[in-house]
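Student: I have a model open here and would like to go through the terms people use for it. Could we take them one by one?

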Amino acid sequence: MAETLFNLRLPLPSDAPLYNNLLCDPEITVWLEDRLQYPISYTEVETFVLGKAWLRWAIECDGNFIGMTGLEDYSPQRGVARFFIVIGDRTYWGRGIGQGVIDSVVRHGFENLGLRKIISNYLEPNKASQIIHDRADFVVDGHLRKDCWRCGTWVDQILLSRFRDE
Ligand SMILES: CC(C)(COP(=O)(O)OP(=O)(O)OC[C@H]1O[C@@H](n2cnc3c(N)ncnc32)[C@H](O)[C@@H]1OP(=O)(O)O)[C@@H](O)C(=O)NCCC(=O)NCCS
């Protein structure tokens, strides 16, 4: 399938209510962090979308806001930041957008922001996340065994990293 084109841009105020709606879908949030397994306030979502961040971009496709990505937890001393991605509209899954986004953010982090290392993580059952990290040349640093409770069982959290010269 041809890769679907997407655009990465700074978040707009109009993105906050859309992101809030996308996070109401448990299929979107199931492999995200624990705090998103419970209702969160609109203010919290709005602060995430529009608040101060090191690198936070809206993902846009066909002119629609479909999710968020970026680099968080920047440590200037260590030259490290953590990648995240949420494509919150399931109709856009499996069209190569996740791969395109991770490649773009990693490239930007190394080439324009001067990072030495980018870290990331996913929950083991999240196969799509595993695939995009593998293809973006992330290396598994380790497993936090049976770390998160999802779908009636404990699942491992996989920790990954990639260096600029890898
Ligand atoms: C994870 C996520 C970013 C992937 O985005 P995407 O646009 O669907 O990813 P891509 O289309 O680039 O690639 C996904 C690959 O995984 C494959 N895949 C998806 N689900 C799969 C499954 N259950 N088993 C095996 N392969 C699977 C797809 O077929 C595709 O492979 P292909 O290119 O060989 O067909 C997206 O699903 C998402 O945002 N999910 C909700 C939030 C989330 O989980 N974020 C990541 C937290 S670490």
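Tutor: Happily! The protein has five helices and seven strands, where helices (H or I, at least four residues) and strands (E, at least two) are DSSP runs numbered from the N terminus. This is a predicted model, so local features need pLDDT of at least 70 and side-chain atom pairs pLDDT 80 or more, while totals for chains, interfaces and linings use all residues. Residues are numbered from 1 along each chain as its sequence is written.

Student: What makes the protein as compact as a globular protein of that length?

Tutor: The globule rule is 2.2 Å times the number of residues to the power 0.38, and the radius of gyration is taken over C-alpha atoms. For 166 residues the rule gives 15 Å, and the radius of gyration is 15 Å, close to it, so the description fits.

Student: Why are α4 and α5 called oblique to each other?

Tutor: The axes of α4 (residues 97–111) and α5 (residues 127–135) cross at roughly 45° and come within 9 Å. Axes are lines fitted to C-alpha atoms, for helices over the stretch in contact, with angles from 0 to 180 degrees between N-to-C directions. Under 35 degrees counts as roughly parallel, over 145 as roughly antiparallel, 65 to 115 as roughly perpendicular and the rest as oblique. The pair is therefore oblique.

Student: Which residues of α4 and α5 meet?

Tutor: G98, Q99 and I102 in α4 meet A128, I132 and R135 in α5, contact being C-beta atoms, placed from the backbone, within 7 Å.

Methods: Contact = placed C-beta atoms within 7 Å.
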